[in-house]
Amino acid sequence: MNIIIYNEGIHDKQDWMKPIYPDGIHGAIKQAIKGEHNITVVTLDNITDITCELLADTDVMIWWGHAAHHLVPDEISTVVTEAVQKGMGFIALHSAHMSKPLRQLLGTSCTLKWRDDDSERIWVTAPAHPIAQGLPEYFELPEEEMYGEYFDIPKPDDVVFMGWFNGGEVFRSGVTFTRGLGKIFYFQPGHEAYPIYYNENIIKVINNAIAWAKPTARISGQDCPNYAPLGAVKA
Ligand code: ZN
């Protein structure tokens, strides 16, 4: 498969994060992906590499963003949205709930409740779903940021995971959608201050999600009419 990992890469450049993710969040996610794939990493520094032509040849795109959603050009959000509608799989991780492409695809605010420093128990609520294969009925993250309901998303196709936090909140932690021919998975764990992307169960979910989101049908991407390469993005 051709896979793109987009990580804005802002926190990753700060010293406090180096001990957790020495190669950045994108490095840890790349390391976590199993099998023979052609993986391209894009950060905010080279975000203009994301073109309609590149996405037409991409099976699954993974998106991690937090501090710089507003610096993602609208034109790039639109080409990602259109690529998903044409069949590309899209996996939005953690604070990518507020990313431009996910909000454009879902059409709601995608806002939620949050609090630092909690722990989470993640329950499998759709055990027959391909993304849940090989997982126990629940697993725990000893440290995770709390994301709580109400989560302003449209009704998902499936709620694969439900998170329960030590503070008592619950959250639809793993949800799927279809837009056009494209499959979308939003997965809540992955706060940048904790080593979430080394967790075996999280790695299993990401690999399952990639296999599930692989296009089963797609509209060929011959026409990229409204998009011309953009200038450099100011950080
Ligand atoms: Zn976070």
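I took a salt bridge to be a side-chain nitrogen of Lys or Arg within 4 Å of a carboxyl oxygen of Asp or Glu. The model I am working on is a predicted one.

**Entry 1: salt bridges**

I searched the whole structure with that criterion and got seven salt bridges. I then went through some of them by residue.

I looked at Lys 13 and found it paired with Asp 45, with 2.8 Å between the closest N and O atoms. Lys 13 sits in the loop between strand 1 (2–7) and helix 1 (24–32), and Asp 45 sits in the loop between strand 2 (38–42) and helix 2 (52–56), so this pair ties together parts 32 residues apart in sequence. I checked the exposure of both partners: Lys 13 is exposed, and Asp 45 is exposed as well.

Next I took Lys 100, which forms a salt bridge with Asp 74; the closest N and O atoms are 2.7 Å apart. This pair also links distant parts of the chain, as Lys 100 belongs to helix 4 (residues 100–106) and Asp 74 to helix 3 (residues 74–85), 26 residues apart. Lys 100 has a relative accessible area of 23% and is therefore partly exposed, the lower limit for that class being 20%.

The third pair I noted is Arg 172 with Glu 149, where the N to O distance is 2.9 Å. Arg 172 is in strand 8 (residues 170–179), while Glu 149 is in the loop between strand 6 (138–148) and strand 7, and the two are 23 residues apart. Which of the two classes, buried or partly exposed, does Arg 172 fall into? Its relative accessibility is 15%, so Arg 172 counts as buried. Glu 149 comes out at 22% and counts as partly exposed.

I also recorded a network of salt bridges that links Arg 115, Asp 118 and Glu 169. Arg 115 is in strand 5 and is partly exposed, at a relative accessible area of 31%. I took one long-range distance from this residue: the C-alpha atoms of Arg 115 and His 26 are 24 Å apart in space, and the two residues are 89 apart in sequence.

**Entry 2: backbone geometry**

I returned to Glu 149 for its backbone. A cis peptide bond joins Glu 149 to Tyr 150, with omega at about 20°. Tyr 150 lies in the loop between strand 6 and strand 7.

I then looked up positive phi values in residues other than glycine. His 94 has one, near 50°. His 94 lies in the loop between strand 4 (89–93) and helix 4, and its relative accessible area is 0%, so I entered it as buried.

Asp 117 has a positive phi as well, near 55°. Asp 117 is part of strand 5 (residues 113–124). Is Asp 117 buried or exposed? With a relative accessible area of 62%, Asp 117 is exposed, the cut-off for that class being over 50%.

**Entry 3: cavity**

How many cavities of 30 Å³ or more does the whole structure hold? My search returned one. The largest cavity has about 80 Å³ of space. Eleven residues line the largest cavity, and the closest to its centre are Cys 52, Leu 55, Ala 56, Ala 83 and Lys 86. Helix 2 and helix 3 each give at least two residues to this lining. By type, I have the lining down as six nonpolar, two polar and three charged residues.

**Entry 4: nonpolar surface patch**

On the surface I found a nonpolar patch made of Trp 123, Tyr 138, Trp 164 and Val 170, with about 340 Å² of accessible area together. I followed up Trp 164, which is placed in strand 7 (residues 158–165). Its relative accessible area is 36%, so Trp 164 is partly exposed; patch residues need over 30%.

**Entry 5: Ile 20**

My last entry concerns Ile 20, in the loop between strand 1 and helix 1. Ile 20 counts as buried because its relative accessibility is 17%, and the limit for buried is under 20%. From Ile 20 to Trp 212, 192 residues apart along the chain, I have a C-alpha separation of 29 Å.

How values were computed. Residues are numbered from 1 along each chain as its sequence is written. This is a predicted model: local features need pLDDT of at least 70, side-chain atom pairs count only at pLDDT 80 or more; totals for chains, interfaces and linings use all residues. Side-chain values use heavy atoms; hydrogens and water are left out. Patches are made of residues with over 30% relative accessible area and no salt bridge: like charges are joined within 9 Å, nonpolar side chains (Val, Leu, Ile, Met, Phe, Trp, Tyr) within 5 Å. Accessible areas come from the Shrake-Rupley method with a 1.4 Å probe; for residues, only the protein chains shown count as cover. Helices (H or I, at least four residues) and strands (E, at least two) are DSSP runs, numbered from the N terminus. Buried means under 20% relative accessible area, exposed over 50%, partly exposed in between (1.4 Å probe, protein chains only). On a 1 Å grid over the protein atoms alone, a cavity is a set of points where a 1.4 Å probe fits but cannot get out, and a pocket is an open set with protein on both sides within 12 Å along at least five of seven lines; lining residues have an atom within 4 Å of a point. Grid points are joined across faces, edges and corners, and a volume is the space filled by probe spheres set on the points. Ala, Val, Leu, Ile, Met, Phe, Trp, Tyr, Cys and Pro count as nonpolar, Asp, Glu, Lys and Arg as charged, and the others, Gly among them, as polar.
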